[in-house]
Every structure is written in structure tokens, then in C-alpha cells.
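I sat down with this entry to look up a few things before planning any reading of its details. My notes follow in the order in which I looked.

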Amino acid sequence: MTAPLGPTRILIADDQEDVRSGFRLILGSQPDMTVVGEAADGLSAVDLARTLRPDLVLADIRMPGLDGLELTRRLAGPGVPDPMRVLVVTTFDHDDYVRTALRDGACGFLLKRSGPGLLIEGVRAAMAGDMLISPQITVRLLQNLAPAAAPAPAASPAPSPLTAREQEIARLVAEGLTNAEIGERLFITAGTAKTHIANVQAKVKARNRVGIAAWSWETGLAGPAPRE
């Protein structure tokens with residue numbers, strides 16, 4: 001999957017016309033994005049994707065004919081000779097949906113209630129080869145991981161491969177913050193935050209932001225918020 005020379009060409013697959021219209025307005029307002037097609041069901045979306053060859057497919061989970069998970073598998077899953085980028089954007093945040101979508105090649109998993117800013121950032125992250133998951137989902141998945149990943153009390157922590165700033169970045173990623181939110185928190189640009197995240201990813205050998213967050217929790221750098 002190569003980066004496009006012009007604006008990112010996007011296909012929207014969602015069975016609700018008002019949602020498609022809203023996404024089209026949001027994405028069409030960006031100079032580096034253009035909507036090239038829409039589909040109201042999964043089968044039409046797969047056919048249209050194979051005909052139009054968009055740079056990115058936005059897919060809902062629950063659609064008639066073929067759901068978004070199967071659409072993802074057919075367009076981006078293991079064994080697909082020429083996989084496409086599929087970004088899942090849905091109301092349903094069940095853990096099984098998230099795991100299945102990511103296992104079958106999705107380049108992100110966003111909740112519709114996360115707002116237009118995260119949708120735009122998710123598209124740009126996918127096109128840059130990154131993966132964005134709604135913060136609410138990231139934090140919940142990692143909280144479920146935390147008890148099993150907690151280090152033994154007697155174990156002495158290994159030296160961190162990260163600088164102090166990178167540790168700060170990794171902690172914020174574990175909280176589920178986006179690049180823009182990390183930038184606001186640390187008074188740096190979103191681009192600088194992205195550069196730091198890439199450095200952290202390389203140092204801890206993580207595949208994506210979720211891997212950084214998991215590493216942060218497993219090493220004790222980040223953890224559950226204290227209960228009041």
C-alpha cells in the first residue's frame with residue numbers, strides 16, 4: 001500500500017444515510033481528502049472498493065448483506081494479494097469486534113461518538129502507516145490486561161530504554177491520548193508528538209500505539225488511575 005500522490009481517496013460504507021452525509025462533509029472539508037464513493041451495505045462496498053481502488057475504506061460494523069468485519073477480512077485480511085486500508089468507524093465497541101477487526105487487517109478502530117477531529121486524525125494516521133484506536137477502547141483493553149501483566153513484587157525493574165520525555169509520551173499514549181491531545185498536554189506540536197511516538201515505537205519494538213501502551217502497562221510505566 002503506497003501513499004497517494006494527491007488527496008486521500010475515501011470510500012464510505014455505512015447503512016445510515018445521515019452518517020454517510022456527515023462523514024462526507026467532515027472529510028470533504030479537508031484539503032488532503034476526497035470522498036470518491038459511498039455504499040449502504042457490505043457487499044456493495046466490497047464491489048465498489050475493488051472497482052474504485054480507493055486509498056482508504058471507512059467501514060461500519062453492522063451493515064446489511066455483509067458486516068464490516070467480513071468486509072475488512074475480504075479487503076485487508078491475511079492472504080489478500082493487494083490489501084486495502086480499512087478504517088472501522090462504528091457505534092459498537094465490543095472487545096471481540098476490536099480484536100477481530102485488527103487481526104484481519106483494519107488500520108484503526110474508531111467510535112462514531114469520538115467526534116470529527118479523531119476521524120480526521122484516524123484517516124491521516126492510517127495513510128501514514130500508523131494505527132489509531134479510540135482512547136476509550138485502548139484504555140479499557142489495557143485495563144483488562146493489567147492484572148495478568150502486573151510484574152512480580154520482588155522483581156527489580158529493568159532500565160528503561162526511553163528518555164524522560166519519551167517516557168512521558170509513552171504514559172500519555174497508554175492513557176489513550178491522540179497526537180493532538182499529547183501536543184496540547186506537553187505544549188508541543190502534534191507533529192513533534194508523532195515523531196516522539198515513532199521513536200518510542202522503535203525503541204520498545206512495538207508495532208503500533210497499542211503496543212506502546214501495552215509495554216507501558218507491562219513495565220509499570222503506566223497503570224490504572226487510582227480510585228476515589
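These entries go from overall confidence to the sheet, then to one loop residue and one helix.

**Entry 1, confidence.** I am working from a predicted model, and I therefore began with the pLDDT, since coordinates should not be read in detail where it is low. The mean pLDDT of the protein is 84, and 86% of its residues reach 70 or more. I found the highest confidence in strand β1 (residues 8–13), at a mean of 97, and the lowest in helix α6 (residues 135–149), at 60. Over residues 147–154 the pLDDT is below 50, and beyond near neighbours in sequence this stretch has 2 contacts in the model. I will leave the details of that stretch unread.

**Entry 2, overall make-up.** I counted 10 helices and 6 strands in the protein. Of its 228 residues, 46% are buried. Looking at contacts between residues at least 6 apart in sequence, I noted that 62% of them join residues at least 24 apart.

**Entry 3, the sheet.** In what order do the strands of the open sheet lie? I read the order as β2-β1-β3-β4-β5-β6, with parallel pairing across the 6 strands. The edges are taken by β2 (33–39) and β6 (132–133), and because each has a single partner strand, one side of each is left without a neighbour in the sheet. At the β6 edge, I found that 2 bridges join this strand to β5 (residues 108–111), the two running parallel, and that Gly108 stands opposite Leu132 in β6.

**Entry 4, Asp60.** Is Asp60 buried or exposed? Asp60 lies in the loop between β3 (56–59) and α3 (68–76), yet its relative accessibility is 4%, and because the cut-off for buried is under 20%, Asp60 counts as buried. The side chain of Asp60 makes a polar contact with the side chain of Thr90, at 3.1 Å. Leaving out residues up to four places away in sequence, I listed what Asp60 touches, and among them are Ala13, Asp14, Asp15, Val89, Thr90, Thr91 and Lys112.

**Entry 5, helix α9.** Helix α9 (residues 190–204) has 15 residues and reaches 21 Å from its first C-alpha to its last, close to the 21 Å expected. Its buried residues are Ala193, His196, Ile197, Val200 and Val204. Seen down the axis of α9, these buried residues fall within an arc of 105°, so they line one face of the helix. After α9 comes Lys205, and I noted that its phi is positive, near 60°.

Note on methods. Residues numbered from 1 in each chain as written. Predicted model: local features only at pLDDT ≥ 70, side-chain atom pairs only at ≥ 80, totals over all residues. Heavy atoms only, no water. Expected span 1.5 Å × (residues − 1). Buried < 20%, exposed > 50% of the residue type's maximum accessible area, 1.4 Å probe, protein only. Arc of directions from axis to C-beta. pLDDT = per-residue confidence, 0-100. Contact = heavy atoms within 4.5 Å. Polar contact = N/O pair within 3.5 Å; in protein donor to acceptor, adjacent residues only side chain to side chain. Pairing = 2+ DSSP bridges.
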